[in-house]
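These are my notebook entries from a reading of one structure. I set down what I looked up, entry by entry.

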Amino acid sequence: MNALLSKHWHHLPASEDLDLLDSDIQQGLDVFEVKHRQERFGFNVLTPKKGKSPLLRFFFQFNNPLVIILMIASLVTAVLKDPVDALVIFGVVLVNAIIGYIQESRAEQAIAALAKTMTTEAAVIRSGKVVRLPAADLVPGDIVQLQAGARVPADLRLVASRDLQVTEAALTGESLPVEKDAALLIAHDAVLAERRNMAYASTLVTYGTATGVVVSTGDDSEVGRISQLISSAAELETPLTRKIAQFSRVLLVAILALSALTFGIGVLRGQPIVDTLMAAIALAVGAIPEGLPAALTVTLAIGVSRMARRRAIIRNLPAVETLGSTTVICSDKTGTLTQNQMTVQEIRTLGGVYAVNGVGYQPVGQILGEWSCDTAVIETLKAGLLCNDSQLVETEGRWTVQGDPTEGALLVSARKGALNPDGTAYPARLDSIPFDSQHQYMATLHADGTVYVKGAAEVLLDRCNGALDPLGQAAACGSEVFRQALETMASQGLRVLAFARLEKPGAQKINFDDITGLTLLGLQGMMDPPRPEAMAAIRASQQAGITVKMITGDHALTAAAIGRQIGLCQDDCAAVLTGAELSRLSDAELIEQAEKTNVFARVAPEQKLRLVEALQARGHVVAMTGDGVNDAPALKQANIGVAMGITGTDVSKEAADMILTDDNFASIEAAVEEGRGVFDNLTKFIAWTLPTNLGQGLVLLAAVITGATLPILPIQLLWINMVTAAALGIALALEPKEPSLMSRPPRDPRAPILSGELIWRIVLVSLIILAGAFGLFEYELTRGAPLAEARTVAVNVVIFVLIFYLFNARSITRSPFQLGFFSNPWAVGGAILMMLIQLLYTYVPFMNTLFNSAPISLALWLDVLAVGLAAYILIEFEKWLQRKLRR
């Protein structure tokens, strides 16, 4: 049983695998052996991942240096000064923590979703009897029987098979069912998609029957290995969270340095220790942007709602901004860039080549050209219709195939040729030869003695004596013409089937020996076609400076053809890199190849993960799209994972940051645009709010240096910070996107959140606040005004500068009149609301008591307005100078 550690079951004959597993195909395992193996290997379930408790997630909201400073300030204020002020400060901290907790991403559920894919039953041979058991009870060595429609319950080495076909799209990315054969021996280093003598957990049997022996269960299965890849994928920061964290560290150092400087200057000047300490605390409270976390959350939440209207659901808030900084999109092919619906695109006969339009299983479209005059085309379509075991079904306006996707494509092409879809108008079927991997064709005998055959073109061409011409006569030649046609169609990435017929009058049965001397009717070439909207989205992404890469488990020729059609590679498409080639590359070589290659074929799940990591090593912000189980590890590792809402598995959805409700790649382009708009608005908010904090800090520092009374109290500083962020900051979160947003290149992920231009603007506005607030405060005191009145003037100066600056901040480079002064009604409404709130702050007795404010005269209001207007004019002049310098 130590051989169970082997991972090369596909390389050994089935009899040796049975011996190594100490099992018997007729008897299976007995109840005692099953119990023993369950104790050793455990149940056939995936180990769930334990997440953080709700309480721990709440406490993590306080794990921020700026928050810790505020809490210390609250404690010191309570001991030395005023408990009411302390409670207000602590209340602000608590509100921010609650908001952060509510908005935090929900606990990861990818492992639980993977476990659900294995909650199924299986037909198992135990002690010589076939019994149905929960898949969770399976152990290595169990003998399992498979039939069409069954989900494979564990990783199996096939022991016997008949015409078995398994859909592995969710695991390997292969869009077509894979033919399986128990008798094959596969090279030990073959990739998962090529192990045709194996069946893997969570895949689906679409055709045929088989018996297999369980070789791996639970976490040891391939789907379990993917589960471990998801668990091991690093939890990456987004560019925004990384920059905010970096910004917070710089701000922390600056605040502590300013506070220490304030305290030191006060002590040196001989001011009372308690007063000096309170001044230092006031500076810290004023300099900390308490409203930034809430404003960040609100801005991201608004972006989420905008994206939802454009059919993109955000699961993790920072993903909104990440889209805006994305430099590479790695996309799965099947169902993401393509329709995931096989479609006949070309029919070839001796009479010519006929294109077929329309895509997917919806029977809308037509065969182009004079095909109705070509009898061979009609017979080719009839062969595809009658030599067929599948059905085309319409459910709530959506067409699907019950059976094999390839046969579904043939039914659709027959409908486009106006043939009766149910075949009732044609002679009844008397007998058939099912498709098998050995002979590679299917044949049906009908009551009129006609045998229709469909299968691999290279096989049927060898069994044909001639071909049908357009007049319906058998021509002795044509084999070489069709072989050349086969090469041409294969080079286009088409999957080609040949169709032939044979006359057997009076026959009631057929066998393999009868299928010779055929008359070739024609070829049908099919492909899972690209989505037209995906092609447009790729072009738009490329124009926005975003590189799109296709990573698929499909064949290289198919991937190359799709790559050419959607604009990912040139006509030669020599730059397709396969999984086998990728596995031979060193990490350094892979980083180089990942940068310059846009199409990757036959890629295994762990290789997708490795590709994403290689791109991230180059500093790229990577978005990964996908819908299958195989995509989940890369979705989780990517800076942003994008899953498909309709065809996507639970696993991919839970591992992703964003889900597209319409499975439309084009929605990604819309999401990128929204993401860029969100980052723009966040930058504007930060550039607008920081002068509040820096300006207030400078006002307090000036007071300490000059030995003056504090112009603004700590509780008044908190009032300014919180009320302006709530009433005015929200307007910037709702600012409409600026023109030409998608013509810019992606932001450099390494660039700081604030440019030198914005830092200079922040300093300029802060100096205006210092001059206006401190200057008017001192002027009022010299006139003999009460202290409360002078402080009220200082508070109003800060707030009115911010009101006017709000309109400056609506664009980093443009004037609000260029944008349209009233194009953002929230800004106008917020400014009016803020003015009304300040009237309450100034004149309502309750507010006077709580915040130490006092009524002021009309003349003082005019002074306050003059400072605000001066700030607006100066900033617009500075923007004009910057525009002139750039030109």
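Entry one: two backbone angles. I looked up Ser202 and found it in the loop between β6 (198-199) and β7 (204-216). This is a predicted model, and in it Ser202 has a positive phi of about 80° although this residue is not a glycine. Is Ser202 buried or exposed? Its relative accessibility is 10%, so I record Ser202 as buried, the cut-off being under 20%.

I then turned to Arg602, which also is not a glycine and has a positive phi, here of about 55°. Its place is the loop between β23 (599-601) and α22 (605-617). Because its relative accessible area is 15%, Arg602 is entered as buried.

Entry two: the chain as a whole. I noted 32 helices and 26 strands in the protein chain. The chain has 887 residues, and 58% of them are buried. I next looked up how far apart in sequence the contacting residues lie. Among contacts in the protein chain with a separation of 6 or more, 72% join residues 24 or more positions apart. The exposed surface of the protein chain comes to about 35,500 Å², and carbon and sulfur atoms supply 59% of that area.

Entry three: Val451. I located Val451 in strand β16, which covers residues 450-456. Its relative accessibility is 0%, so Val451 counts as buried. Which residues does Val451 contact, leaving aside its neighbours within four places in sequence? I listed Ala443, Thr444, Leu445, Ala500, Arg501, Leu502, Lys504, Ile510 and Ile515. I also looked up Cys387, which is 64 residues from Val451 along the chain; the C-alpha atoms of the two are separated by 8.9 Å.

Entry four: aromatic rings. A pair of aromatic rings is described by the distance of the centres and the angle of the planes. With rings paired when their centres lie within 6.5 Å, I recorded a count of 10 aromatic pairs. One of them is formed by Tyr441 and Phe512, edge-to-face, at 6.2 Å centre to centre and with 70° between the planes. What parts does this pair tie together? Tyr441 lies in strand β15 (residues 441-446) and Phe512 in the loop between β19 (495-503) and β20 (518-527), so the pair links parts that are 71 residues apart in sequence. I entered Tyr441 as buried because its relative accessible area is 0%. Phe512, at 31% relative accessibility, is partly exposed.

I next examined Trp719 and Tyr841, an aromatic pair that is stacked, with 5.4 Å centre to centre and 20° between the planes. Trp719 belongs to helix α26 (residues 714-733) and Tyr841 to helix α30 (residues 825-843), so this pair ties together parts that are 122 residues apart in sequence. For Trp719 I noted a relative accessibility of 14%, which counts as buried. Tyr841 counts as buried too, at 0% relative accessibility.

Last, I looked up a grouping of rings. Phe807, Phe817, Phe821 and Phe822 form one aromatic cluster.

Methods:
Residues are numbered from 1 along each chain as its sequence is written. This is a predicted model: local features need pLDDT of at least 70, side-chain atom pairs count only at pLDDT 80 or more; totals for chains, interfaces and linings use all residues. Side-chain values use heavy atoms; hydrogens and water are left out. Helices (H or I, at least four residues) and strands (E, at least two) are DSSP runs, numbered from the N terminus. Buried means under 20% relative accessible area, exposed over 50%, partly exposed in between (1.4 Å probe, protein chains only). Contact means heavy atoms within 4.5 Å. Accessible areas come from the Shrake-Rupley method with a 1.4 Å probe; for residues, only the protein chains shown count as cover. Rings of Phe, Tyr and Trp (its six-membered ring) pair if their centres lie within 6.5 Å; planes under 30 degrees apart count as stacked, over 60 as edge-to-face and the rest as tilted.
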